[in-house]
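Student: Please give me a close look at one part of this structure, set against the chain and the assembly around it. I would like the cut-offs spelled out as they come up.

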Number of protein chains: 2
Amino acid sequence: MSDRPTPRHAYVAEALSIGDELLSGDTVNTNATFLGQRARALGLVLQHVATVRDRHDEIVAAVRAAAERCDVLLVSGGLGPTTDDLTTVALADAAGCAIVRDPEALARLAEKFRRFAREMPEANHKQADLPAGAQWLPNPIGTAEGFAVELGRCIAFAMPGVPRELRRMTLEQVEPRVRERLALRPIARRVYRLLGIGESAVAERVEPIVAAARARSPGLAATFIHYRAAMPEVTVILEGTRDDEGHAASPAELEALDAELVPALAPGIYGIGEADLAARVITALRAAGKRLACAESCTGGLTGALLTAVPGASECFDGGIVAYDDRIKRALLGVEPGLLAEHGAVSEPVARAMAEGARRSLGSDLAVAITGIAGPGGGTAEKPVGTVHIAVADGERTTHLRLQLRGDRGIVQRSAALWAIKLVWDRLHADGLAPIQAHEPPVLE
Amino acid sequence: MSDRPTPRHAYVAEALSIGDELLSGDTVNTNATFLGQRARALGLVLQHVATVRDRHDEIVAAVRAAAERCDVLLVSGGLGPTTDDLTTVALADAAGCAIVRDPEALARLAEKFRRFAREMPEANHKQADLPAGAQWLPNPIGTAEGFAVELGRCIAFAMPGVPRELRRMTLEQVEPRVRERLALRPIARRVYRLLGIGESAVAERVEPIVAAARARSPGLAATFIHYRAAMPEVTVILEGTRDDEGHAASPAELEALDAELVPALAPGIYGIGEADLAARVITALRAAGKRLACAESCTGGLTGALLTAVPGASECFDGGIVAYDDRIKRALLGVEPGLLAEHGAVSEPVARAMAEGARRSLGSDLAVAITGIAGPGGGTAEKPVGTVHIAVADGERTTHLRLQLRGDRGIVQRSAALWAIKLVWDRLHADGLAPIQAHEPPVLE
């Protein structure tokens with residue numbers, strides 16, 4: 001289109017979150033993570049994220065500094081009705097324009113309160129204010145509408161801080177406007193997912209392959225590698241970043257590296273693409289028409305929770321038994337009292353018996369069992385905190401894994417649950433039922 | 001001490017996180033949350049958090065801007081051995097000093113590699129570099145040592161980005177140095193925890209009480225209120241912020257508001273202080289010598305996982321049955337097939353039967369059951385997505401709650417699990433076994 005600006009190598013975005021609660025350690029800023037994902041998917045480079053307090057001058061200073069550096073500024077929070085909500089005034093002051101009260105916005109707000117059968121407090125009237133010249137961004141699921149306002153070459157989008165409202169407004173209101181305004185070129189990327197290999201071992205295997213690839217083309221030479229370790233998982237991300245001459249790896253160039261990287265990263269690699277481990281296991285189980293059960297001790301239900309977080313889990317997940325107390329291991333999983341007495345609850349024989357018992361008791365095709373010591377108490381010299389036994393039974397054979405996990409209680413529990421799901425994946429993969437390459441297109445989004 | 005600086009009303013901190021992975025949406029920045037908590041506990045005001053890419057000039061600019069605004073700058077990330085680790089050079093350039101390689105640090109690093117029986121790669125040598133005049137901060141659990149460097153009136157602490165290394169270095173190395181350097185006065189605060197009242201309804205109840213209190217003393221007049229809504233929970237935080245004259249509410253002044261706020265916030269309020277809902281239920285069960293079981297359907301094990309995330313849960317949590325499939329509800333929980341056929345799995349009679357069945361089957365004192373439609377599929381006109389039934393049985397009586405939850409699958413599951421734990425708390429509270437005021441001191445930390 002003729003009225004679009006000439007494409008540049010990269011457009012730059014920044015995010016600014018407003019709110020004391022984000023600085024006091026009371027709230028994790030997941031909005032910034034979401035905006036980072038969406039910026040990347042759009043082809044914007046998110047170069048700076050800042051969080052400031054509910055203080056007028058601090059917000060104005062942060063907005064001005066950001067507007068000088070970026071093309072798109074994503075502001076969140078501070079659009080509510082209370083006295084500490086200052087975003088509208090601060091953005092108007094940063095843009096050097098007046099505040100106007102919009103009677104139509106006030107009418108929309110009154111209608112929302114009517115729909116919820118609530119009186120509209122006087123305080124909410126200020127949610128109908130916006131900087132002169134700004135455009136409203138509708139919010140169908142909350143009282144605070146957002147707005148878009150120009151700040152020199154930068155366009156700022158003000159959105160509510162409530163995550164579900166921000167997400168919907170980003171997708172429905174902000175992204176179409178950004179695409180219309182800027183001639184964006186999406187950044188190709190390829191995500192390799194691993195469990196069971198440490199980050200430095202992964203890097204040692206990946207680096208020489210990527211170094212050789214970089215010599216092959218200027219696009220590949222500009223490829224950026226990120227390693228992300230979230231115990232026990234490691235993710236490798238190859239990103240087709242654009243260099244100063246505008247070269248970037250194509251999706252096909254990145255995809256061609258699979259043939260070298262996948263064998264180098266076996267047996268830790270379980271997937272390429274955005275789907276996580278639980279989603280891949282659910283997909284594989286559904287495709288194979290097999291049903292899974294869990295028997296959990298130290299994870300207390302977390303394995304089932306991770307699996308059932310995936311939509312459609314009901315088609316392949318029967319349920320499980322959380323046998324936290326040994327009495328339950330005997331009564332509901334049929335673990336022999338002698339086995340518990342001889343080996344202890346945290347042992348290979350008990351893990352195997354739990355998996356086989358759960359499979360029998362729930363009538364499932366496969367069952368996975370986890371028993372371990374999550375800590376901080378309960379460890380011994382022979383079985384220190386972090387000792388975990390996992391078993392997977394499918395009626396034909398039962399596989400087993402002993403782990404020595406490090407970290408606090410929460411990390412041990414999460415690691416054990418993820419390892420358990422990986423052991424199910426391994427079994428499905430060995431039987432040809434779980435592909436590493438899911439049938440996702442090369443990730444362009 | 002005579003060599004300490006004169007106390008000011010408030011010392012100000014900022015945090016700067018460095019790393020592309022924090023901007024691409026691949027990693028949630030939990031370090032910023034941790035540093036916010038610790039700053040508050042120390043009596044520092046964290047006024048600004050920024051995240052920048054692994055780019056030298058952007059790091060230098062962010063460091064310089066922060067150093068002009070704050071007393072303490074907490075930098076994380078970019079201390080590794082790879083080419084995208086630029087923090088040391090950037091901090092030296094921001095401070096206007098040279099980089100020196102420290103032979104003693106290099107020897108310590110070599111010793112760490114020897115201990116792990118690994119060859120030290122050449123690339124790691126640069127981890128022995130630091131800005132001239134800076135002080136090392138030991139890292140007993142990783143290769144990257146941190147350092148402290150002066151930038152005018154500001155002291156900057158560079159720490160590794162790995163959360164467990166950053167946490168330990170903050171507590172053991174940074175905090176003692178900050179306390180030594182600044183005459184800090186901790187900020188009193190009081191945290192009220194609620195489930196079952198919406199944020200605006202909470203605000204309507206809290207605001208008049210706090211407004212009246214503000215008229216009583218200049219310290220209370222400076223009190224700051226934060227509301228934090230993380231569906232289905234709402235938290236109210238009263239913070240004894242210092243005004244320009246140095247007035248701040250005392251812990252006793254804040255605590256005195258309990259007598260007015262607790263009755264105004266009943267029956268939603270379940271606690272005052274830092275302990276969360278699951279921790280309070282575990283504490284109450286242990287104190288009462290009672291044992292709990294779960295029967296979960298749509299939450300898939302999450303209720304058990306939340307409860308067993310609390311250390312010591314094994315002393316009062318027996319386990320549970322994840323009856324995701326109706327077959328399991330019949331077989332393991334003894335739910336009558338006729339009940340399922342007549343009312344459907346998501347119904348009051350089935351929730352009650354599940355709770356009673358779990359209590360019987362696991363031999364526990366109490367059992368809580370959850371059955372619902374988490375979505376996105378499975379909803380009907382009569383029972384839309386978000387319909388959840390919860391029941392708590394204790395052998396004497398079974399209480400029940402029907403919920404209509406909003407949000408995506410993950411939010412419905414998390415809300416249902418938390419409501420289930422709240423229903424257990426309600427039962428314990430009604431029997432005098434779960435106090436709202438836990439025996440925590442007024443929160444000064």
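Tutor: The answer below starts with the conventions and the relation of the chains, moves to the chosen strand, and then visits some other sites.

The model is a predicted one, in which local features need pLDDT of at least 70 and side-chain atom pairs count only at pLDDT 80 or more, whereas totals for chains, interfaces and linings use all residues. Residues are numbered from 1 along each chain as its sequence is written, chains are lettered from A and ligands numbered from 1 in the order of writing, and side-chain values rest on heavy atoms, with hydrogens and water left out.

How are the chains related? A turn of 180° with a shift of 0.3 Å along the axis lays chain A on chain B with an RMSD of 0.3 Å, which is the relation of a two-fold axis. The superposition is by least squares on the C-alpha atoms of residues with pLDDT of at least 70 in both copies. Of the interface residues of chain A, 97% are also interface residues in chain B, so the copies meet through the same surface.

The part I would look at closely is strand 2 of chain B, residues 44-52, which holds B:Thr51; helices here are DSSP runs of H or I with at least four residues, strands are runs of E with at least two, and the numbering starts at the N terminus. B:Thr51 is buried, with a relative accessible area of 5%, where buried means under 20%, exposed over 50% and partly exposed in between, for a 1.4 Å probe and protein chains only. Leaving out residues up to four places away in sequence, B:Thr51 touches A:Gln47, A:His48 and A:Val49 from chain A, and B:Ser17, B:Gly19, B:Leu22, B:Leu23 and B:Asn29 from chain B; contact means heavy atoms within 4.5 Å.

Two further strands of chain B can be set beside this one. B:Val388 belongs to strand 16, residues 387-393, and is buried with a relative accessible area of 0%. Beyond its sequence neighbours up to four places away, B:Val388 touches residues including B:Ile370, B:Thr371, B:Gly372, B:Leu403, B:Leu405, B:Val412 and B:Ala416. For B:Leu405, 17 residues apart from B:Val388 along the chain, the C-alpha separation is 7.4 Å. In the loop between strand 15 (366-372) and strand 16 of chain B sits B:Pro376, and the peptide bond from B:Gly375 to B:Pro376 is cis, with omega near 0°. B:Arg189, in strand 9 (residues 189-195), is buried at a relative accessible area of 3%, and its side chain makes a polar contact of 3.4 Å with that of B:Glu274. A polar contact is a pair of N or O atoms within 3.5 Å, where within protein one must be able to donate a hydrogen and the other to accept it, and residues adjacent in sequence count only if both atoms are side-chain atoms.

Two prolines of chain B are partly exposed. B:Pro208, in helix 7 (residues 199-214), has a relative accessible area of 49%, and its C-alpha atom is 42 Å from that of B:Arg164, 44 residues apart along the chain. B:Pro121, in the loop between helix 5 (103-115) and strand 5 (129-131), has a relative accessible area of 33%, and its C-alpha atom is 9.0 Å from that of B:Pro81, 40 residues apart along the chain.

Chain A offers another cis bond, which joins A:Ala266 and A:Pro267 with omega about 0°; A:Pro267 lies in the loop between helix 10 (258-265) and strand 12 (269-272). In helix 11 (residues 277-288) of chain A, A:Ala284 is buried at 5% relative accessible area and, apart from neighbours within four places, is in contact with A:Leu428, A:Leu433 and A:Ala434. A:Ala284 and A:Trp425 are 141 residues apart in sequence, yet 8.3 Å apart C-alpha to C-alpha.

As a frame for these sites, chain A comes to 16 helices and 17 strands, and its C-alpha atoms fill a box of roughly 80 × 60 × 40 Å along the principal axes. Of its 445 residues, 56% count as buried, and residues 24 or more positions apart account for 70% of the contacts with a separation of 6 or more.
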